[in-house]
Amino acid sequence: MSENTVAKLAELVGTPTEKLLSQMADAGLSQKTAQDAVSESEKATLLAHLKKSHGGDGAVDPARVTMTRKTNTTLKMGGGRGGKTVNVEVRKKRTYVRRDEPVAGEPVAGEPGAGTPEAAAPMIEEVAAAPVVEPVVEPVVEPVVEKAPEPVAEVAPAPEPEPVVAAEPVAPAKPAAPKVPRTEIKMDDLDRLAAARRASRERREAEALESEQRRKKKAEDEVRAKAAAAAKAAANAQAAAAKPAAAPAAAPSPDSGRADRTRRLRPDAAPANNDRFAKKRGPGGGRNQRGKQDDRRRTGKKLKGGQAVAEMSQANQFQAPTAPIVREVTVSGPITPGEIAQQMAVKSGEVIKTLMKMGTMCTINQAIDEDTAELVIEEMGHVIKRVAENQIEEAIVSEVQYDQSKSATRAPVVTVMGHVDHGKTSLLDRIRKTRVTAGEAGGITQHIGAYHVDTPNGMVTFIDTPGHAAFTAMRARGAEVTDIVILVVAADDGVMPQTEEAVQHARAGNVPLVVAVNKMDKEQADPDRVKNELAQRNVIPEAWGGDTQFVHVSATTGEGVEQLLEAVLLQAELMELNAVAEGPATGTVVESRLDKGRGPVATVLVQQGTLRKGDVLLAGDQVGKVRALIDENGKQILEAGPSMPVEVLGLAGTPNAGDNFLVAESERKAREVAEFRRDRAKEQEQRRQQAAKLDQMFANMGADEVQVLNIVLKTDVRGTLEALNGQIEKLSTEEVKVNVISSGVGGITESDANLALSAGAIVVGFNVRADNASRKIIEREDMDLRYYSVIYDIIDDIKQAMSGMLSPELREEIVGIAEVRDVFNSPKFGQVAGCMVVEGTVYRQKRIRVLRDNIVVYEGELESLRRFKDDVQEVRNNMECGIAVKAYNDVKPGDKIEVFDTKEFARTL
């Protein structure tokens with residue numbers, strides 16, 4: 001055996017030479033360089049040192065040894081010059097593990113010979129794995145294929161020292177064991193192997209159980225079939241015995257069943273005798289019962305199984321109904337014949353035929369009313385079931401219930417109303433200590449604002465409404481959601497139209513009034529005048545024996561503001577306002593708009609319950625999950641209780657101002673209700689448009705064509721859009737009609753520009769702007785785009801545009817009168833009247849009338865106008881002339897020839 005060196009030992013165990021020399025120095029060995037020789041005893045000493053350093057007992061025989069062997073081979077793939085050479089490297093790993101318990105016949109520790117290699121060798125179990133070879137083409141990289149070890153014995157891994165120096169037990173007299181590199185058996189591999197074995201064992205057991213069940217079932221079927229066949233054979237035998245001429249049937253031989261089974265399983269098997277049909281014939285050459293069964297089996301007739309098979313076949317056949325089927329048809333509003341036929345399971349033509357017999361002509365998709373549908377359904381023998389059209393909507397509304405025993409006092413909701421420029425917003429600014437009017441266009445409020453104020457006596461929610469005549473709907477909506485109305489009247493201006501309208505809204509909503517006589521700091525202030533004018537409208541002050549509180553205030557100086565708040569809180573205390581804070585929120589949408597950065601934003605007023613972030617909100621025909629709640633100061637809050645106005649983010653669109661909202665438990669049901677409301681609104685709009693078309697058609701019969709001014713209107717908030725639509729509709733006249741073909745909330749988009757281009761409409765934006773795409777279309781097509789921030793300007797400009805579309809007014813002006821003094825006959829012109837111009841000027845090119853006794857007898861033109869022998873264009877007052885009237889020869893002395901001119905004058909609305 002060749003001499004081992006440190007370098008060879010390091011290469012054998014797979015450890016760097018420097019590390020091995022360091023370990024040998026720690027073990028007290030004398031090797032210093034890689035070329036120093038290493039004896040077997042020194043190997044044993046090093047191994048004992050390493051085991052002791054890793055917590056072992058110093059024994060030379062390891063409990064676990066892993067060895068790796070590597071072999072390199074070359075394969076040639078393909079023949080000829082085009083073949084490729086592949087280098088293959090095979091690594092083999094083997095692990096030897098000492099058993100924990102000695103095997104019979106092995107020496108036990110402590111006995112003689114227990115520490116020898118001969119005793120240690122049987123205690124080591126080889127855990128080997130078959131090599132895996134993976135070739136790689138030579139020009140790329142020589143592959144290194146490692147074989148994952150497949151353990152033979154499930155042995156828990158034990159901790160090992162980093163290097164394993166000796167791969168074989170040391171024995172003084174015998175050669176060392178073969179050298180193998182070490183490897184590790186991981187617990188994951190053992191678990192996977194055990195799981196695979198368990199799964200395979202369970203699969204085999206399941207297959208065996210299933211096979212056993214199939215065998216038992218097959219045996220039971222055969223027994224059942226034999227019993228049925230025996231019963232049928234006995235019945236046939238009794239029937240044959242009852243006949244006097246019947247011949248006894250030949251008894252089947254014991255081997256007949258076996259031969260028949262053989263023929264079924266092996267068609268090529270030879271029959272029991274030479275006559276293959278002998279067993280199917282009776283003594284007289286006829287067919288016996290077994291032969292008939294076989295023939296019927298070949299013809300497809302199933303007799304096997306007896307009566308059960310017959311009953312199953314009969315059950316699978318189509319059974320015609322013995323009585324007409326009466327179905328229940330659900331009707332929830334107008335319904336089409338196609339829908340009725342589908343619920344009754346008949347053809348649509350049958351329903352249409354029944355309608356025609358009843359005298360109603362209808363198509364398959366034409367809706368009929370509920371009463372007609374009921375007559376058709378009963379005529380065809382079915383039952384109608386009427387369902388409320390808004391059943392889904394009522395169901396989701398009825399889910400919101402409140403425990404009134406938990407109600408508590410809530411803050412009052414106060415609406416500030418009055419005429420424009422009477423100081424409503426300024427007074428609210430003084431209360432809130434803000435400056436809102438400074439940011440309003442034109443110094444007037446054009447949106448509904450909702451705010452809450454904390455006072456020493458409690459919280460008060462204020463709603464500010466516009467005072468312009470266009471915002472009547474806003475004021476009505478403010479009166480609907482409010483508890484108390486503060487009527488602001490300027491002391492220097494008195495009661496105005498919008499003031500009287502606000503009183504009417506408050507009276508209609510049965511809402512108490514608190515009158516704030518504003519602008520008391522002015523010299524022209526006359527509060528008694530305000531009291532007298534309001535008393536005439538049934539608003540009696542408390543000082544005069546009425547029930548309305550009058551407070552003198554000044555928004556500029558702050559005079560009387562505290563008294564006004566005290567009056568409001570006193571009125572709220574008398575009303576005993578209560579609400580339930582627990583439960584899902586319900587309330588009213590005060591305003592909505594489309595924000596460019598945040599999407600649809602709705603200002604809502606919570607009236608019952610608590611609105612929280614994340615709730616599913618159903619507002620009108622819009623639904624969404626609340627993403628954020630923002631108060632009037634722009635701060636995000638987590639929840640809003642009763643009488644709290646907040647801005648809600650997360651709706652799919654902008655709901656209409658004044659719509660009710662609620663928090664739904666199921667988002668799916670909320671979306672169904674929203675879709676139902678949208679469909680209902682669409683149907684109502686279509687019906688309204690159809691009725692308007694018919695009315696317009698009858699109104700225009702026999703009339704001249706009406707001019708139409710088309711408008712595409714976009715606003716910033718829903719309330720302003722509603723107000724503008726109402727005002728624009730009022731501007732239509734008999735000659736010019738204003739048609740808002742499209743309106744919405746948000747900026748002017750490309751679709752709006754294209755719609756205006758196709759309809760020839762003007763584009764109006766109120767506090768909104770057009771985006772780049774729409775602006776390019778408008779500039780390219782030279783369309784009319786107008787921006788506004790004050791509602792007055794929109795109405796005035798639309799009036800001017802309508803006035804320009806009116807046909808001009810024609811007016812006649814008499815420019816001259818000539819009196820006929822004598823009549824002459826001219827061979828060229830016929831009768832010529834010698835006249836004296838008594839008034840104005842007579843023109844040659846203008847039209848004339850011939851008056852006799854101040855009655856018009858002719859209207860036409862001049863054929864000739866002469867002054868002596870010269871043709872002239874005009875003759876002035878007090879001058880003589882000769883006039884020839886074209887196509888009229890009955891001029892007499894004393895007649896007057898009136899010359900007039902027709903002028904056009906523009907009309908205005």
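## Positive phi values in two loops

A887 is located in the loop that links β35 (880-885) and β36 (896-905). In this predicted model, the phi angle of A887 is near 60°, a positive value in a residue that is not glycine. Most residues other than glycine have a negative phi. The side of the question that concerns solvent is settled by the relative accessible area of A887, which is 73%, so the residue is classed as exposed.

A second residue of this kind is F868, which lies in the loop between β32 (855-867) and β33 (870-871). Phi of F868 is positive, at about 60°, although F868 is not a glycine. With a relative accessible area of 71%, F868 is likewise exposed, the threshold for that class being over 50%.

## The chain as a whole

The chain contains 22 helices and 36 strands. Of its 909 residues, 38% are buried. Among contacts in the chain with a separation of 6 or more, 68% join residues that are 24 or more positions apart.

## A parallel sheet of four strands

Four strands form an open sheet in the order β25-β24-β26-β27, and their pairing is parallel. The edges are occupied by β25 and β27 (785-788); each has a single partner strand, so one side of each is left without a neighbour in the sheet. On average, and with direction ignored, neighbouring strands of this sheet are turned by 25° against each other. In general, the strands of a sheet pair through backbone hydrogen bonds, either parallel or antiparallel.

Within this sheet, strand β24 (residues 707-715) pairs with strand β25 (residues 736-745) in the parallel sense over 9 bridges. One position in this pairing is V708, which stands opposite K737 in β25. From β24 the chain passes through helix α19 (residues 718-730) to reach β25, and this β-α-β crossover is right-handed. Strand β26 (residues 762-766) is paired with β27, also in the parallel sense, over 4 bridges. There, V764 has R786 in β27 as its bridge partner.

## The surroundings of T715

T715 belongs to strand β24. Is this residue buried or exposed? Its relative accessible area is 0%, so T715 is buried, given that the class covers values under 20%.

Which residues are in contact with T715, apart from its neighbours within four places in sequence? They are T720, L721, L724, G744, V745, G746, F766 and V768. Several of these positions can be placed in the elements described above: T720, L721 and L724 fall within the range of α19, residues 718-730. G744 and V745 fall within β25, residues 736-745, and F766 falls within β26, residues 762-766.

## Strand β23 and its antiparallel partners

Strand β23 (residues 660-664) is mostly covered, with 4 of its 5 residues buried. Strand β15 (residues 586-595) pairs with β23 in the antiparallel sense over 3 bridges, and G587 stands opposite F661 in β23.

Strand β18 (residues 616-619) is another antiparallel partner of β23, with 4 bridges between them. In this pairing, the bridge partner of L618 is L662 in β23.

## Two perpendicular helix contacts

Helix α2 (residues 17-26) packs against helix α3 (residues 40-53) at an angle of about 85°, and their axes are 9 Å apart. The two helices are therefore roughly perpendicular to each other, a description that applies to angles of 65 to 115 degrees. On the α2 side the contact is made by L20, Q23, M24 and D26, and on the α3 side by L46, H49 and L50. These residues divide into 4 nonpolar, 2 polar and 1 charged.

Helix α13 (residues 424-432) and helix α17 (residues 561-575) pack at an angle of about 90°, with 10 Å between their axes. Consequently, α13 and α17 are also roughly perpendicular to each other. Here L427, R430 and I431 of α13 meet V561, L564 and L565 of α17. The residues of this contact comprise 5 nonpolar, no polar and 1 charged.

Notes
Residues numbered from 1 in each chain as written. Predicted model: local features only at pLDDT ≥ 70, side-chain atom pairs only at ≥ 80, totals over all residues. Heavy atoms only, no water. Axes fitted to C-alpha atoms, helices over the stretch in contact; angles between N-to-C directions. Parallel < 35°, antiparallel > 145°, perpendicular 65-115°, else oblique. Contact = heavy atoms within 4.5 Å. Nonpolar A, V, L, I, M, F, W, Y, C, P; charged D, E, K, R; others polar. Pairing = 2+ DSSP bridges. Right-handed = clockwise from strand over helix to strand, strands pointing away. Buried < 20%, exposed > 50% of the residue type's maximum accessible area, 1.4 Å probe, protein only.
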